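Student: I'd like to learn how to read a structure like this one. Could you walk me through it, feature by feature?

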Amino acid sequence: MSLALFDLTGKTALITGSSRGLGRAFAEGLAGAGARVILNGVDPARLDAAAAEMQGQGFDVLTSCFDVTDEDQILAAFAELDEQGVEVDILVNNAGIQFRKPMLELATADWQRVLDINLTSAFVVGREAAKRMAARGRGKVINIGSLTSELARATVAPYTVAKGGIKMLTKAMAAEWGDKGIQANAIGPGYMVTDMNEALINNPDFDAWVKGRTPMRRWGLPQELAGTCIYLASDASNYVSGQIIYADGGMISVL
Ligand code: GCO
């Protein structure tokens, strides 16, 4: 009985920014739990290649190519899913970029671009998904936060502010959508081995800092986030909302 709570068979999940990195790992985890997944990205070729690889693994995969900062593209994508009769039961707001520069040197346009991609997109895509979830009386929204949802690190201010916003947007979604049968939660990844962090991983000093600061003394692997994502996407978390769960090797809990 208890494992059935985690079974996503019959459910459809849209994961933004999922042709690679953490988004791809979330998509593979949810597909492995039985969900049909809709991959999203802005590069059609990369998206189709990712879908083909996952279909080769036997997964049920669709693609939806849209820019999460372009509201017209988001509205058109959801209209197309409506026309196809594809209902999004689970939304993972994963799309995001990093931009490392001290604030004294940071252009306003660069600040705004990070906030648009990492925070505002979660609101717009979340709103469009939640409209449809509310009509059905059920849905799961999973926003992707960060250690920087709680703690600041020098040179990544716009990312930090956006991820802090993700934590509070998750609570706002929980506040407004709870009576519509929608649970909204977040995942806070620690320092993970991804393309976005390549420069950090290859920096011996930063690598040593992450390993020293993390109780598990290592970087995390994207697939190590899949279980938390499956939990928050499944019936196992039906009375959990507004929470952020850290999968960070213990980092956020220690000095
Ligand atoms: C950085 C990193 C972090 C991690 C992650 C930690 O520059 O410090 O990119 O932001 O990616 O967000 O939770």
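Tutor: Let's start with helix α8 (residues 226-233): six of its eight residues are buried, so the rest of the structure largely encloses this helix. Buried means under 20% relative accessible area, exposed means over 50%, and partly exposed is in between (1.4 Å probe, protein chains only). Helices (H or I, at least four residues) and strands (E, at least two) are DSSP runs, numbered from the N terminus.

Student: Before we go on, what kind of model is this?

Tutor: This is a predicted model: local features need pLDDT of at least 70, side-chain atom pairs count only at pLDDT 80 or more, and totals for chains, interfaces and linings use all residues. Residues are numbered from 1 along each chain as its sequence is written, and side-chain values use heavy atoms, with hydrogens and water left out.

Student: Back to the helix, then. Which residues of α8 are buried?

Tutor: They are Ala226, Thr228, Cys229, Ile230, Leu232 and Ala233. The cover over the buried residues of α8 includes α1 (21-32), β4, β5, β6 (182-189) and β7 (244-247). Cys229 has a relative accessibility of 1%.

Student: A cysteine makes me think of disulfides. How many are there?

Tutor: A disulfide is a pair of cysteine sulfur atoms within 2.5 Å. Searching the whole structure turns up zero of them. Cys229 is buried, whereas Cys65 is partly exposed at 42% relative accessibility.

Student: Now charged pairs. How many salt bridges does the structure hold?

Tutor: Side chains of opposite charge can pair when their charged atoms come close. The cut-off for a salt bridge is a side-chain nitrogen of Lys or Arg within 4 Å of a carboxyl oxygen of Asp or Glu. The structure holds 15 of them. Take Arg127 and Glu71, whose side chains meet at 2.5 Å, N to O. Arg127 sits in helix α4 (residues 108-136) and Glu71 in helix α3 (residues 71-84), so this pair ties together parts that are 56 residues apart in sequence. Both ends are partly exposed: Arg127 has a relative accessible area of 23%, and Glu71 has 36%.

Student: Which other salt bridges should I look at, say for Glu87 or Asp89?

Tutor: Glu87 forms a salt bridge with Arg136 (3.7 Å, N to O). That pair links distant parts of the chain, with Arg136 in helix α4 and Glu87 in the loop between α3 and β4 (90-93), 49 residues apart. Arg136 is partly exposed at 25% relative accessibility, and Glu87 is partly exposed at 40%.

Asp89 pairs with Arg138 in a salt bridge of 2.8 Å, N to O. Asp89 lies in the loop between α3 and β4 and Arg138 in the loop between α4 and β5 (139-144), so here too the pair ties together parts 49 residues apart in sequence. Asp89 is buried at 6% relative accessibility, while Arg138 is partly exposed at 38%. There is a network as well: salt bridges with shared partners join Glu71, Asp82, Arg127, Glu128, Lys131 and Arg132.

Student: What about a charged residue inside a strand, such as Lys140 in β5: buried or exposed?

Tutor: Lys140 is buried, with a relative accessible area of 6%. For its partners, use polar contacts: pairs of N or O atoms within 3.5 Å; within protein, one must be able to donate a hydrogen and the other to accept it, and residues adjacent in sequence count only if both atoms are side-chain atoms. The Lys140 side chain makes one with the side chain of Gln183 (2.9 Å) and another with that of Ser237 (3.1 Å). Contact in general means heavy atoms within 4.5 Å. Leaving aside neighbours within four places in sequence, Lys140 is in contact with residues including Asp89, Met133, Leu232 and Ala233. Lys140 and Asp89 are 51 residues apart in sequence, yet 6.4 Å apart in space, C-alpha to C-alpha.

Student: And the ligand? Which residues come nearest?

Tutor: Being near means having a heavy atom within 4 Å of the molecule or strand in question. Of the 13 residues around the ligand, Arg100, Ser146, Arg153, Pro189 and Tyr191 come nearest. A polar side-chain atom of Arg153 lies 2.6 Å from a ligand oxygen atom, and a polar backbone atom of Pro189 is 2.7 Å from an oxygen atom of the ligand.
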